Amino acid sequence: MKGMVFTEFLEMVENKFSPEIADRIIEKSDLQSGGIYTAVGTYDHREMIELVSCLSSETGISSAELVHSFGIYLFSRFHTMFPIYFEGVSSSFDFLERVEGYVHIEVRKLYPEAELPSFACDAPEPGCLRLTYRSARPFATLAEGLIRGCVDHYGEAVDIQAEDLSDGAGTAARFLLTKRDAPR
Amino acid sequence: VSEVEQLKRRLERERQARKAAEAIAEERTREIYEANSRLQRLNDHLEDLVRQRTAELAAARDDAVQASQAKSSFLASMSHELRTPLNAIIGYSEMLLEQADEAGQGDFVPDLNKIRTAGKHLLGLINDILDLSKVEAGRMDIFVEEFDVAAMLADVRATIEPLMAKNANGFEVRCAADLGSMRSDQVKVRQSLFNLLSNAAKFTKRGRVTLEARRLAEHGGDRLELRVSDTGIGMTPEQVGRLFQAFSQADASTSRNYGGTGLGLAITKHFCRMLGGGVVVESEHGKGSTFTIILPVAAEQTSVDGREPPTVGDTRPTVLVIDDERATHDFLGRELDARGYRVVHASGGLEGLRLAREVRPDAITLDVIMPEVDGWAVLRELKADPALRDIPVVLVTILGDQEMGYALGAADFLTKPINAETLARVLGRYRAGDGWAEVLIVDDDPVTREVVRRPLTKAGWSVSEATGGCEGIAYLSRSQPAVVLLDLMMPGMNGFEVLKRMRDEEAWRDIPVIIITAKDLGREELARLNGQAERVFKKGAYDRAELIAIVHDMIARRTAEARARQGPAVDTA
């Protein structure tokens, strides 16, 4: 998993909770990296699961809720750090449709070793977008948070229905996005 | 405590992360450097590759150019090689036709006519193929000249009428009154019309062929419309579509039934385009066809300018008399003039040498004993000069030094006092043959020489032959013919060189030259001949009567001019 996800996660913990909590979950977790992350590095995704789990016990908030919130936060960070991917994009559907065919391709050029999830999308009817997440790692909830962050970013009224496709493993899910004002 | 500890840990993590990031950055930098190096190498390799490919392409282009030149020279030599024997076939068949007529052996006439017609036909085909290949190679030149359209059409009519009669076709020419003249390539206009008219004649039986000509006044210059219509077999739209393609006729059976190579229309189309115009066709199967040529009356000026009128001098054999005694000059001048020589006088050795170079006399009489520069010195000088050494020198002296004279290259010897008859006899030896050779044929091909010589001899002229350029020049330095008939393609000294030598030499400059060649002449070659030669005849393709008429005119003109100049031209002393 790209180091940026870890550095952004810890920054979020420091900002939304406290630097003490961030330090504590690092100390408590059994991390191969020792909690030393740089955005340009790559780390085992299980460390993220470990950190989230620790944060959950620390805060009493469920892991799923934490990861979902992190997804929303991470999207806003993406938008700040990589504005180039948002040029000429005017809606969440616009952007989400470009993730697989454009954003991931550009990411692979910079990080050929990156293991990116697949993010297929189709439009079953107008005002609807169906996104299918598949990954080697169980971050369907993170994906859902990112999608929510995207919709919120464009200030749209969109319902997101998530459907797990991996028997609760979280490695595959289908998200049906429906614009609320869209004629049904 | 715990807060400090916590900050310490946090600082340590940040420091470690920074170092990790630096290590990764360094690693990436190295990777980028290596990738750049690889790209650089690839680029170098590509440039090598491009250089190599460029060299290969250049070589291929050179090969292609060379092949094209080889093809051109092959075609040129083929035209020469094919036309020379055809010339013999056509020429001999014509001579035999005349002889058969004269000898009352009319039985042979039809067969001989077939040989002659077949030869002419073959020549036409060869010319067509060469024309087309020249057009396609972009080597066909245009020679623009001003000519009268009605006269050109009358000429075309006269030529094509026998062909019309063959299939019992009526032929009508309708010319508008205001045709005027046009500036174009007359030969190509005529040939285009011949092609259309002979097609019309060929594909029409017991019908009607019409040639209409009119001038179209148009913005940006008048145009000439030449319309050839027939009531022949016509063509289907499919046949019309294939019409102007080389080697393509209406269908395969056409060539069986009507003959021809199918080149005529392709050539016509090319010619019309070259002259700034075009040719279109309308046709109805079974009803007939109409071909319309439209040409600008002023084609692009790319021509070689017209020839200067030839100038003809005194063509009598010239004798240069070098002597310091007035009495000898008077005597020789009178005697030689009476015997048909032109006499040039020099009163001393130096003047004699100067005049020899200027006049290039046919013979020199040289006094041995003269003040200042004596005869021996003059003789040595004459024999040392390549341009003069072939002029026969007759030594005139009171001394008997014959041995020395011959050793120095003197041709003959006279002893004073000079006997007029002896003088005439001696000089006579250095005139070609028994009399003045009026026509000189320079050609390496014995058949051509004979074909050309026979009608000339028959017409009453004295004809001499030279088998090559050098021999021709050697002949000229001995004797001056009234006309030279010159081949161009000869081993050794070719016709162009002979012509140049003749035009460089004052004494030969005025001798008219008629070129008879099998060579296909290009623009440059025609330009070289321009103003240097009177006429160019193509072997096998010319009319013998026309050749004889032209030779006749030239000899008549030269004789008249020589006679007119005889008086004042004689004495220069």
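**A look around chains A and B**

A:Ser29 sits in the loop between α2 (19–28) and α3 (45–59) of chain A. The model is a predicted one, and in it A:Ser29 comes out as buried, at 7% relative accessibility. Leaving aside residues up to four places away in sequence, A:Ser29 touches A:Glu50, A:Leu51 and A:Cys54. The value for A:Ser29 falls under the 20% cut-off, so this loop residue counts as buried.

Stepping back to chain A as a whole, the secondary structure adds up to six helices and four strands. Along the sequence these follow the pattern α-α-α-α-α-β-β-α-β-β. Of the 184 residues in chain A, 46% are buried. Take the contacts in chain A between residues at least 6 apart in sequence, and 59% of them join residues at least 24 apart. As for the outside, chain A exposes about 9,000 Å², with carbon and sulfur atoms supplying 51% of that area.

Part of that surface is worth a closer look. A:Met81, A:Phe82 and A:Ile84 make a nonpolar surface patch of about 240 Å². A:Ile84 lies in the loop between α4 (63–81) and α5 of chain A. With a relative accessibility of 49%, A:Ile84 is classed as partly exposed; the line for exposed is drawn at over 50%, which is why A:Ile84 stays in the middle class.

Now for the inside. In soluble globular proteins, nonpolar side chains tend to be buried together. Here, the largest nonpolar core holds 52 residues, and A:Phe9, A:Ile25, A:Phe95, A:Leu96, A:Phe175 and A:Leu177 have the most contacts inside it. Helix α1 (residues 3–17) of chain A gives the most to this core, putting in seven residues. A second, separate core has 38 residues, with B:Leu197, B:Ala201, B:Val279 and B:Val281 among them. Back in the largest core, A:Phe175 is one of the residues with the most contacts. Not counting residues up to four places away in sequence, the residues that A:Phe175 touches include A:Leu129, A:Leu131, A:Tyr133, A:Ala140, A:Ala143, A:Ile147, A:Ile160 and A:Ala162. A:Arg130, A:Glu144 and A:Gln161 are also on the list of residues touched by A:Phe175.

Over in chain B, strand β15 (residues 483–486) is covered on both faces. B:Val483 and B:Leu485 are buried on one side, and B:Val484 and B:Leu486 are buried on the other. This strand also has partners: strand β13 (residues 439–442) of chain B runs parallel to β15(B) and is joined to it by four bridges. Strand β16 (residues 513–517) of chain B pairs with β15(B) too, again in the parallel sense, over three bridges. B:Val484 shows up in both pairings, as the bridge partner of B:Leu440 and standing opposite B:Val513 in β16(B).

Charged pairs are the last stop. Side chains of opposite charge can pair when their charged atoms come close. Over all chains, the count comes to 46 salt bridges. One of them brings together the side chains of A:Arg137 and A:Glu115, at 3.4 Å from N to O. That pair links distant parts of the chain, 22 residues apart: A:Arg137 is in the loop between β2 (128–134) and α6 (140–153) of chain A, and A:Glu115 is in the loop between α5 (92–110) and β1 (118–122) of chain A. The two ends differ in cover, since A:Arg137 is buried at a relative accessible area of 12%, whereas A:Glu115 is exposed at 55%.

In chain B, the side chains of B:Arg208 and B:Glu172 meet in a salt bridge at 3.5 Å, N to O. This one also ties distant parts of the chain together, with B:Arg208 in strand β4 (residues 208–216) and B:Glu172 in strand β2 (residues 170–175) of chain B, 36 residues apart. Both ends are partly exposed, B:Arg208 at 38% relative accessibility and B:Glu172 at 26%. Another salt bridge joins B:Glu225 to B:Arg227, with the closest N and O atoms 3.6 Å apart. B:Glu225 is buried at 7% relative accessibility, while B:Arg227 is partly exposed with a relative accessible area of 24%. Finally, salt bridges that share partners join A:Asp23, A:Glu27, B:Arg9 and B:Arg13 into one network.

Notes:
Residues numbered from 1 in each chain as written. Chains lettered and ligands numbered in written order. Predicted model: local features only at pLDDT ≥ 70, side-chain atom pairs only at ≥ 80, totals over all residues. Heavy atoms only, no water. Salt bridge = Lys/Arg side-chain N within 4 Å of Asp/Glu carboxyl O. Helix = DSSP H or I, 4+ residues; strand = E, 2+ residues; numbered from the N terminus. Buried < 20%, exposed > 50% of the residue type's maximum accessible area, 1.4 Å probe, protein only. Core = buried A, V, L, I, M, F, W, Y, C linked by side-chain atoms within 4.5 Å. Contact = heavy atoms within 4.5 Å. Pairing = 2+ DSSP bridges. Patch = residues over 30% accessible without salt bridge, like charges linked within 9 Å, V, L, I, M, F, W, Y side chains within 5 Å. Areas by Shrake-Rupley, 256 points an atom, 1.4 Å probe, with all protein chains shown as cover.
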